[in-house]
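Trainee: Could we walk through this structure together, one question at a time?

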Amino acid sequence: MDKSAGQKTATQFLYPPVEPFDKRMLEVGDGHQVYVEQCGNPDGIPVVVLHGGPGGGCSPAMRRYFDPAEYRVVLFDQRGCGRSRPHASVENNTTWHLICDIELIRQTLGIERWVVFGGSWGATLSLLYAQTHPDRAAYLILRGVFLMTRAELDWFYGGGAGKFWPDLWARFATLIPEDERGDMIGAYHKRLFSGDRMLETRYARAWAQWENALASIDHDGPVGEAPAEYARAFARLENHYFHNGGWLERDDQILANVPLISHIPATIVQGRYDMVCPPTASWHLAERWSRADLRMVPLAGHALSEAGITAELIRTTRAVQRQAGMLGI
């Protein structure tokens, strides 16, 4: 890692802001419309960006991890979040619906194979997409890997991370009666889907604040409240996915299916002090995947916006750019 990364802000590593050359609402079925945009070079290396959450939505900053002269960057808001509609809807909204949406986007845009770029839940979705369509992913760029296992959910919502952040954990946990705290995901689920809009918003903001406060190593303490509509979509979607275990057939499904993607090269960028998605998931993934290069970033946490994480991701997109011919994209 570049030692100067810690002396710069993430923005200083990014490419200049760029506007999309294409924006559209794509009908994906089941009553959902998904917002899709493209920016950069229409004839460039195709890359699809899978945002986190679930429920986070894509942002203009995500366009800036790729050289706009060399990449054709495809971003979209997953079902129920961002500019996709209906907002905050969990109906017909599962991991497998999203994988079908990614394929529909690829086919609609006439792309044969593409680079898949995703962090946190976006890394989960990247891995599951590649395992489902291994002939369509030319390269995976993953950050802050989350494997959707019970151990990871227990770490973050069962008090593990709370041992490092007892003050913030107390704020998150004390909203729930003591006799329900053995299943915080379930307890929040009842309140996030109560039908009472004010109650849902209150618990959505608490859910979002707990995660956001632990995302970056660069700050210490509570963060401000997220806007009500954003928080409600983010919390409801994320909780919905976690409550259902991502609809995986088995707890270790992603690791068990690594042989399906063993031929695909990948780079995994992981913050050493990631409190949201601890490094053990990235480590176990790389152990089983000979073509995956794990890059542990010292003094970095979970957030995409951290300088060290951003520097390594930019280095990776440049390296993939140089390999495009060999990758057949």
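Mentor: Happily! Let's start with a definition: a helix axis is a line fitted to C-alpha atoms over the stretch in contact, and angles run from 0 to 180 degrees between N-to-C directions. Keep in mind that this is a predicted model.

Trainee: With that in hand, at what angle do the axes of helix 5 and helix 6 cross?

Mentor: Two packed helices are described by the angle between their axes and the distance between the axes. Here helix 5 covers residues 184-192. Its axis and that of helix 6 come within 8 Å, and they cross at roughly 145°.

Trainee: Which residues of helix 6 meet helix 5?

Mentor: From helix 5, the partners are Ile 185, Tyr 188, Arg 191 and Leu 192. Sorted by class, the residues of this contact are 8 nonpolar, no polar and 2 charged. On the helix 6 side you will find Leu 199, Glu 200, Tyr 203, Ala 204, Ala 206 and Trp 207.

Trainee: Now the sheet: in what order do its strands lie?

Mentor: Strands of a sheet pair through backbone hydrogen bonds, either parallel or antiparallel. This open sheet has 8 strands with mixed pairing. Strand 1 (22-29) and strand 8 (292-297) are the edge strands, each pairing on one side only. Reading across, the order is 1-2-4-3-5-6-7-8.

Trainee: Which residue in strand 4 stands opposite Val 47?

Mentor: Strand 3 (residues 45-50) and strand 4 (residues 71-76) run parallel and are joined by 5 bridges. Look across from Val 47 into strand 4, and the residue there is Val 73.

Trainee: Which strands does helix 2 touch as it packs on the sheet?

Mentor: Helix 2 spans residues 121-132, and its direction makes about 145° with that of strand 5. The strands touched by helix 2 are strand 3, strand 5 (114-119) and strand 6 (137-143).

Trainee: And at what angle does helix 10 run to strand 6?

Mentor: Helix 10 takes in residues 307-327. It lies across strand 3, strand 4, strand 5, strand 6, strand 7 (266-271) and strand 8. Its angle to strand 6 is about 170°.

Trainee: Which residue forms a salt bridge with Glu 112?

Mentor: Side chains of opposite charge can pair when their charged atoms come close. Glu 112 sits in the loop between helix 1 (95-108) and strand 5, and its partner, 24 residues apart, is in the loop between helix 2 and strand 6. The closest N and O atoms are 2.8 Å apart, and the partner is Arg 136.

Trainee: Which strand gives the largest share of the lining of the largest pocket?

Mentor: The largest pocket holds about 690 Å³ of space. Its lining has 32 residues, with Met 62, Arg 143, Ala 303, Leu 304 and Ser 305 nearest the centre. Strand 3, strand 5, helix 6 (197-214) and helix 7 (228-243) each give two or more residues. The largest share is 3 residues, from strand 5.

Trainee: Which helix gives the most to the lining of the largest cavity?

Mentor: Rolling a probe the size of a water molecule over the atoms shows where empty space is left. The largest cavity contains about 120 Å³ of space, and 13 residues line it, with Phe 146, Tyr 157, Phe 242, Val 276 and Cys 277 closest to its centre. Helix 3 (150-157) and helix 7 each supply at least two lining residues. The most, 4 residues, comes from helix 3.

Terms used: Residues are numbered from 1 along each chain as its sequence is written. This is a predicted model: local features need pLDDT of at least 70, side-chain atom pairs count only at pLDDT 80 or more; totals for chains, interfaces and linings use all residues. Side-chain values use heavy atoms; hydrogens and water are left out. Two strands pair if DSSP finds at least two bridges between them. Contact means heavy atoms within 4.5 Å. On a 1 Å grid over the protein atoms alone, a cavity is a set of points where a 1.4 Å probe fits but cannot get out, and a pocket is an open set with protein on both sides within 12 Å along at least five of seven lines; lining residues have an atom within 4 Å of a point. Grid points are joined across faces, edges and corners, and a volume is the space filled by probe spheres set on the points. A salt bridge is a side-chain nitrogen of Lys or Arg within 4 Å of a carboxyl oxygen of Asp or Glu. Ala, Val, Leu, Ile, Met, Phe, Trp, Tyr, Cys and Pro count as nonpolar, Asp, Glu, Lys and Arg as charged, and the others, Gly among them, as polar.
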